[in-house]
Amino acid sequence: QVQLVESGGGLVQPGGSLRLSCAASGSISGIYSMGWYRQAPGKQRELVAQITNGGTTNYLNSVKGRFTGSRDNAKRTLYLQMNSLKPEDTAVYYCNGLNGNYRTIFSWGQGTQVTVSS
């Protein structure tokens, strides 16, 4: 079972940027679709960005134009570049693989906290 470790979160002012990383303990090259999720307090976890092996990306409407997801299969790592951050982006961010039915493949990691506040 692949284990996932997210990192790169922190406290940032509105308008700032962060780059998240997700390191996998095993190969992700066979996983067609990887995703970044987030969960804010009192809310359900939501899919923020989807990155396929072919380079196709899909984003939650509220982050389009601000977030950019990417993956490096050789490094077994997923990235999320987050720009123009807003307070409503505050959440714990997670990564996972997705199957064809958009169900997650792996156990959840510990996530990384992103707090956007002045």
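Two strands are said to pair if DSSP finds at least two bridges between them. Strands themselves, like helices, are DSSP runs numbered from the N terminus, with at least two residues (E) required for a strand and at least four (H or I) for a helix. By these criteria, strand S3 (residues 18-24) pairs with S8 in the antiparallel sense over 6 bridges. The model is predicted, so local features need pLDDT of at least 70 and side-chain atom pairs count only at pLDDT 80 or more, whereas totals for chains, interfaces and linings use all residues. Residues are numbered from 1 along each chain as its sequence is written, and side-chain values use heavy atoms, with hydrogens and water left out.

Strand S8 is a convenient place to begin. It spans residues 77-82, and 5 of its 6 residues are buried, a term that denotes under 20% relative accessible area, with exposed meaning over 50% and partly exposed lying in between (1.4 Å probe, protein chains only). On the S3 side, Ala23 stands opposite Thr77 of S8. Strand S7 (residues 67-72) is also an antiparallel partner of S8, again over 6 bridges, and here Thr68 faces Gln81 of S8. S7 and S8 form a hairpin with 4 residues between the strands, in which Arg76 adopts a positive phi near 60°.

A second group of strands can be followed in the model. An open sheet of 6 strands runs in the order S2-S10-S9-S4-S5-S6, and its pairing is mixed. Strand S2 (10-12) and S6 occupy the edges with a single partner strand each, so one side of each has no neighbour in the sheet. From one strand to the next, the twist averages 25°; for such angles, axes are lines fitted to C-alpha atoms, for helices over the stretch in contact, and the angles run from 0 to 180 degrees between N-to-C directions. At the S6 edge, S5 and S6 run antiparallel and are joined by 3 bridges. Gln50 has Asn58 in S6 as its bridge partner.

Which cysteines does the disulfide join? A disulfide is a covalent bond between the sulfur atoms of two cysteines; the cut-off applied here is a pair of cysteine sulfur atoms within 2.5 Å. A search of the whole structure finds 1 disulfide, and it joins Cys22 to Cys95, with an S to S distance of 1.8 Å. The link of Cys22 and Cys95 is right-handed, with 50° about the S-S bond. Cys22 belongs to strand S3 and Cys95 to strand S9, so that the pair links distant parts of the chain, 73 residues apart. Cys22 counts as buried at 1% relative accessibility, and Cys95 is buried with a relative accessible area of 0%.

The nonpolar side chains come next. A nonpolar core is a set of buried Ala, Val, Leu, Ile, Met, Phe, Trp, Tyr and Cys residues joined through side-chain atoms within 4.5 Å. The largest such core has 27 residues, and those with the most contacts inside it are Trp36, Phe67, Leu80, Met82 and Tyr93. Two or more residues are contributed by each of S3, S4, strand S5 (46-52), S8, S9 and strand S10 (112-116). S3 gives the largest share, 4 residues.

Charged side chains form a further set of contacts. A salt bridge is a side-chain nitrogen of Lys or Arg within 4 Å of a carboxyl oxygen of Asp or Glu, and the structure holds 3 of them. Arg38 forms one with Glu46, their closest N and O atoms being 2.9 Å apart. Arg38 is buried at a relative accessible area of 6%, whereas Glu46 is partly exposed at 30%. Asp89 also forms a salt bridge with Arg38, the closest N and O atoms being 3.0 Å apart. Because Asp89 lies in the loop between S8 and strand S9 (91-98) and Arg38 in strand S4 (residues 33-39), this pair ties together parts that are 51 residues apart in sequence.

What is the partner of Asp89 in the salt bridge with a closest N and O distance of 2.7 Å? That partner is Arg66. Arg66 lies in the loop between strand S6 (57-59) and S7, so its pairing with Asp89 ties together parts that are 23 residues apart in sequence. Asp89 counts as buried at 1% relative accessibility, and Arg66 is buried with a relative accessible area of 9%. Through shared partners, salt bridges join Arg38, Glu46, Arg66 and Asp89 into one network.
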